Protein chains: 2
Amino acid sequence: MTTINKIERILKKVEHDCLQSGLRLTKKRRNVLQILLQEQEPLSAYDIVERYKITMAESLSAMSVYRMLDFLLAAGLVHKLETTNQYLACSHIICEHQHQIPQFLICDQCHKVEEVGLCKQLLDELKASIENTGFSLLSQQLELHGLCAHCKKQE
Amino acid sequence: MTTINKIERILKKVEHDCLQSGLRLTKKRRNVLQILLQEQEPLSAYDIVERYKITMAESLSAMSVYRMLDFLLAAGLVHKLETTNQYLACSHIICEHQHQIPQFLICDQCHKVEEVGLCKQLLDELKASIENTGFSLLSQQLELHGLCAHCKKQE
DNA sequence: GCTATAATGTTATGATGTAACATATCATAA
DNA sequence: TTATGATATGTTACATCATAACATTATAGC
């Protein structure tokens, strides 16, 4: 299946799911999600403004993009990388299974990001170890920086 | 020992260490470090500009503060929280033992931050689990958000 | 269709961070 | 000791990330 068809399929499913759950996936929100799905790298909000103008032949203010991102984040369709102020489509949108808390491996060289689900046991141990100190975790999103296998090889 | 004396002692040690290793801890760099040591919370660069003006009766541009932070970061005296764009003094400056990669527990309510050293074994497992995927970690700094024991109790 | 609510447009501004070049200070070698 | 090169700081401008406030438009449900 081509990438475009795959993205179309994801978007159709998201449209369907939003309808089911009463979320209003407007045309523009859908377009922003589409842009994030098409990219291989995370984008800043202003990157999205640019991509939107190019690919949708229509301009959108940064303010609007931030609002659409807020919607997509709340819907769990998009993640924000707090360490780089960038946004990317959740790589599990299409899955049926329960979404886990995401962990991101961020390549500081080529800037590609892999969304991984670390071993649950390991995460639970990490969580337990932290909560033993009396601290309560609100999120287990981890952002880990380094080099992807490809960039590492080139060194 | 009073807090002020404690901070003075730390600063003296840092001065001594920098002299030993040829790092130039100038008056202003020392002042910025002092401000971070005096705070119980992490500060943004612009917070430091303000604090500097008040406590040192002298103004410093944001540009200069960023440069001084760069120096202090490179010297391992200060950490940057990438998820909040804030800076804080390393809580182990005075220790003799090898500094570990820091992990931060950030209270999203009161904004206090605890620098913890998680169990080495756990971190090694985490690292191994990640590197199994072919990814090479460049930093193991973790920033974990939640509620500190105090704020949790108040809920 | 009317009305309340949600979504988007528009403008301005706050917050974080860096580029580029000028000046000052310091270490050290002639 | 002063000339010189390197390091540190000053200064200005600007890039980048994000939100406040208020106007307008679109939509859902009566």
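This briefing covers how two protein chains meet each other and two DNA strands. The model is predicted. Chains A and B touch through 27 residues on each side. DNA strand C has 19 residues around it, and DNA strand D also has 19.

**Where chain A meets chain B**

- The two chains bury about 2500 Å² between them. Carbon and sulfur atoms account for 71% of that area.
- Three residues of chain A stand out: Leu122(A), Phe135(A) and Leu144(A). They supply 22% of the area that chain A buries against chain B, more than any other three residues.
- Several elements of chain A each give at least two residues to this side: β3 (103-107), α5 (120-131), β5 (136-137), β6 (142-147) and α6 (149-154).
- By class, the side of chain A that touches chain B has 15 nonpolar, eight polar and four charged residues.
- Zero salt bridges are counted between chain A and chain B. Polar contact does occur across the interface, in six residue pairs.

**Strands that pair**

- One pairing crosses from chain to chain. β6(A) joins β5 (residues 136-137) of chain B through two bridges, and the two strands run antiparallel.
- Within that pairing, Gly146(A) stands opposite Leu137(B).
- Another pairing lies inside chain A. β3(A) and β4 (residues 113-116) of chain A are antiparallel, with four bridges.
- Gln103(A) has Val116(A) in β4(A) as its bridge partner.
- β3(A) and β4(A) make a hairpin, with five residues between them. In the turn, His111(A) has a positive phi of about 70°.

**Around DNA strand C**

- The closest residues come from both chains: Thr26(A), Lys28(A), Arg67(A), Met63(B) and Asn85(B).
- Sugar or phosphate holds 53% of the strand C atoms within 4 Å of the protein, and bases hold the rest.
- Side chains reach phosphate oxygens of strand C at several points. An N or O atom of Arg29(A) is 3.0 Å from one. For Ser64(A) the distance is 2.8 Å. For Asn85(B) it is 2.8 Å.
- α2 (27-38) and α4 (62-74) of chain A, and α4 (62-74) of chain B, each supply at least two residues here. α4(A) gives the most, with four residues.
- The surface near strand C has seven nonpolar, five polar and seven charged residues.

**Around DNA strand D**

- Met63(A), Lys80(A), Thr26(B), Lys28(B) and Arg67(B) come nearest to strand D.
- Of the strand D atoms within 4 Å of the protein, 54% belong to sugar or phosphate and the rest to bases.
- Chain A reaches phosphate oxygens of strand D through side-chain N or O atoms. The distance is 2.8 Å for Lys80(A). The distance is 3.4 Å for Tyr87(A).
- Chain B reaches a base. A polar side-chain atom of Arg67(B) is 2.5 Å from a base nitrogen of strand D.
- α4 of chain A, with α2 and α4 of chain B, are the elements that give two or more residues to this surface. α4(B) gives the most, with four residues.
- The classes near strand D are seven nonpolar, five polar and seven charged.

**Salt bridges**

- Side chains of opposite charge can pair when their charged atoms come close.
- Over all chains, the structure holds 14 salt bridges.
- In one salt bridge, Arg30(B) meets Glu8(B), at 3.5 Å from N to O. This pair links distant parts of the chain: Arg30(B) is in α2 (residues 27-38) and Glu8(B) is in α1 (residues 3-21), 22 residues apart.

Conventions:
Residues numbered from 1 in each chain as written. Chains lettered and ligands numbered in written order. Predicted model: local features only at pLDDT ≥ 70, side-chain atom pairs only at ≥ 80, totals over all residues. Heavy atoms only, no water. Contact = heavy atoms within 4.5 Å. Buried area = accessible area lost by both parts, 1.4 Å probe. Salt bridge = Lys/Arg side-chain N within 4 Å of Asp/Glu carboxyl O. Polar contact = N/O pair within 3.5 Å; in protein donor to acceptor, adjacent residues only side chain to side chain. Nonpolar A, V, L, I, M, F, W, Y, C, P; charged D, E, K, R; others polar. Pairing = 2+ DSSP bridges. Near = heavy atom within 4 Å.
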